[in-house]
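Please look over the structure shown here and ask, for each label attached to it, what justifies that label.

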Amino acid sequence: MSPSQPSNTFDSSHWFSSNIKLRFFTRIRRLFRLKTSQKQHTPSDQVFDTDMDAERESDCEGNLVILPRAVKRLHFGSWGEKEAAAEEIGRLAKYGLKTRKSLAELGVVLPLVAMVGEEEGGWPRRRAAVRALVELANGTCTNKALMVEAEILSKLPKHVDILDESTMHELAQLLLSVSSLANNQFPLTSSMILPLLVGILESNSSIETKESCLGTLYNLSTMFDTAGTLATNAVVHHLLRLSLAKETSEKALATLGNLVVTLQGKKAMESNSMVPETLLEILTWEEKPKSQELSAYILMVLAHQSSSQREKMANSGIVPLLLEVALLGSPLAQKRALRLLQWFKDERNARLGPCSGPQRRRIAIGSPVSQRETNEGKKMMKKLVQQSLYKNMETITRRAHGDEDSCSKLKALVISSSSKSLPY
């Protein structure tokens with residue numbers, strides 16, 4: 001071919017890039033025409049709500065010129081332009097649910113997820129993408145599912161050493177939002193985000209950040225398939241520690257309640273040094289009835305068909321606490337406390353029952369010797385019951401009212417009514 005003749009060589013890469021841009025701008029034009037037609041066909045007598053979300057939607061329609069420019073820079077711009085575009089998309093996503101869905105339709109989720117996993121930009125630039133994703137995930141399961149399909153869970157950091165408090169808080173918010181898909185049985189791989197969650201819980205992050213991580217763990221624990229992988233010794237230990245803080249107690253105990261029904265979760269709790277003392281301490285929280293109920297439930301699961309766990313609980317003084325809950329707790333806590341007390345009573349009766357070894361000769365009932373021993377046994381038992389009742393009621397009264405004088409009145413009442421049988 002002579003140099004003067006025109007070249008017929010086909011540049012495929014140039015054509016492919018031009019085709020992508022053409023499809024992108026076609027989608028922008030369609031969205032713009034759709035918004036314009038919706039405004040033109042709005043009835044004149046229609047009354048719009050004056051709430052904040054409606055006002056933001058109205059403002060966003062005026063920003064339709066900014067929207068295509070931001071999306072274009074996110075797809076094709078430099079690192080600095082992508083960071084600015086992510087900030088702009090995060091701001092636009094706050095205008096309402098329709099705007100968030102429109103942004104997702106324009107394909108902003110995939111490049112934002114890629115920005116989160118891009119190490120060259122550094123976390124100051126990656127944080128802009130995280131903030132934008134948090135806003136886009138607000139109130140729409142579709143956008144959350146798009147993020148999971150774009151492998152957002154594998155793009156997150158595994159260590160928190162390089163993260164500051166603000167970054168950890170934003171990542172915890174994103175994880176909490178995405179993990180809510182578990183409520184719709186959407187498959188999530190919890191093992192990918194577990195190192196990040198444990199790292200944040202071990203750090204000196206704020207209580208709000210830890211609450212977001214707790215919410216994520218709770219959402220994941222509701223799925224039985226993933227609950228077993230969550231029940232590691234580290235996760236259980238942090239949940240037990242957070243259950244002692246009254247601000248996070250209910251959520252931590254609810255998560256432990258979901259984990260303890262799994263084989264891995266029960267083993268992790270049985271081997272933890274904080275069990276059962278932590279759960280017994282929570283049983284004394286009269287001002288937190290929900291925590292009492294959850295603690296009693298976990299103790300029931302641990303004590304069920306496990307004599308070693310029941311022995312540990314008995315040695316830690318669970319019976320007086322259960323008596324107190326059975327008298328003063330909420331209806332559900334009372335029911336669970338009574339069930340536990342019945343188990344301890346049955347086990348005690350079985351332990352005191354006849355053994356298989358040599359036994360003394362039984363004396364016929366009605367003989368003078370047998371009657372005398374029976375009377376002495378009744379007196380001793382009545383004395384023991386009276387002492388135990390006085391001690392328990394004195395403890396309950398002192399905790400409930402703090403009145404020292406009531407103890408002496410209670411003692412007189414018990415003595416005067418000692419001849420009456422107990423109601424249970």
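The questions and answers below concern a predicted model and set computed values against the cut-offs behind the terms.

Q: Why is the contact between Arg127 and Glu170 called a salt bridge?
A: The term requires a side-chain nitrogen of Lys or Arg within 4 Å of a carboxyl oxygen of Asp or Glu. The side chains of Arg127 and Glu170 meet at 3.1 Å, N to O, and because that value lies within the 4 Å cut-off, the pair qualifies. Arg127 lies in helix α7 (residues 122-136) and Glu170 in helix α10 (residues 165-179), so the salt bridge ties together parts that are 43 residues apart in sequence.

Q: What makes Arg127 and Glu170 count as buried or exposed?
A: Buried means under 20% relative accessible area. Arg127 has a relative accessible area of 18% and Glu170 has 12%, so both residues are classed as buried.

Q: What is the distance between Arg131 and Glu170, and how do you know which accessibility class Arg131 belongs to?
A: The side chains of Arg131 and Glu170 form a salt bridge at 3.5 Å, N to O. This pair links distant parts of the chain, with Arg131 in helix α7 and Glu170 in helix α10, 39 residues apart. Arg131 has a relative accessible area of 27%, and because partly exposed covers the range between under 20% and over 50%, Arg131 is called partly exposed. Glu87, Arg127, Arg131, Asp164 and Glu170 are linked in a network of salt bridges, and the count by this rule comes to 9 salt bridges.

Q: Why is the pair of Glu250 and Lys288 counted as a salt bridge?
A: The closest N and O atoms of Glu250 and Lys288 are 3.8 Å apart, and because the cut-off is 4 Å, the pair is counted. Glu250 is in helix α15 (residues 249-259) and Lys288 is in the loop between α17 (277-283) and α18 (289-303), 38 residues apart. Glu250, with a relative accessible area of 33%, is partly exposed, whereas Lys288, with 18%, is buried.

Q: How do you know that Ser221 and Asn258 make a polar contact?
A: A polar contact needs a pair of N or O atoms within 3.5 Å, one able to donate a hydrogen and the other to accept it. The contact joining the side chains of Ser221 and Asn258 is 3.1 Å, so the distance satisfies that cut-off. Ser221 is found in helix α12, and because its relative accessible area is 4%, Ser221 is buried.

Q: What makes Glu211 suitable for a surface patch?
A: Patches are made of residues with over 30% relative accessible area and no salt bridge. Glu211 has 36% relative accessibility and counts as partly exposed, so Glu211 passes the accessibility part of that rule. Glu211, in helix α12 (residues 207-221), forms a negative surface patch with Glu165, Glu208 and Glu247.

Q: Which accessibility classes do Glu151 and Gln305 fall into, and what are their phi values?
A: Glu151, in the loop between α8 (141-149) and α9 (152-155), has a positive phi of about 65 degrees although it is not a glycine. Its relative accessible area of 48% is not over 50%, so Glu151 is partly exposed. Gln305, in the loop between α18 and α19 (307-315), has a phi near 55 degrees, which is also positive in a residue other than glycine. At 70% relative accessibility, Gln305 is over the 50% cut-off and therefore counts as exposed.

Key: Residues numbered from 1 in each chain as written. Predicted model: local features only at pLDDT ≥ 70, side-chain atom pairs only at ≥ 80, totals over all residues. Heavy atoms only, no water. Patch = residues over 30% accessible without salt bridge, like charges linked within 9 Å, V, L, I, M, F, W, Y side chains within 5 Å. Areas by Shrake-Rupley, 256 points an atom, 1.4 Å probe, with all protein chains shown as cover. Lys, Arg positive; Asp, Glu negative; His and termini not counted. Charge placed at Lys NZ, Arg CZ, Asp CG, Glu CD. Helix = DSSP H or I, 4+ residues; strand = E, 2+ residues; numbered from the N terminus. Buried < 20%, exposed > 50% of the residue type's maximum accessible area, 1.4 Å probe, protein only.
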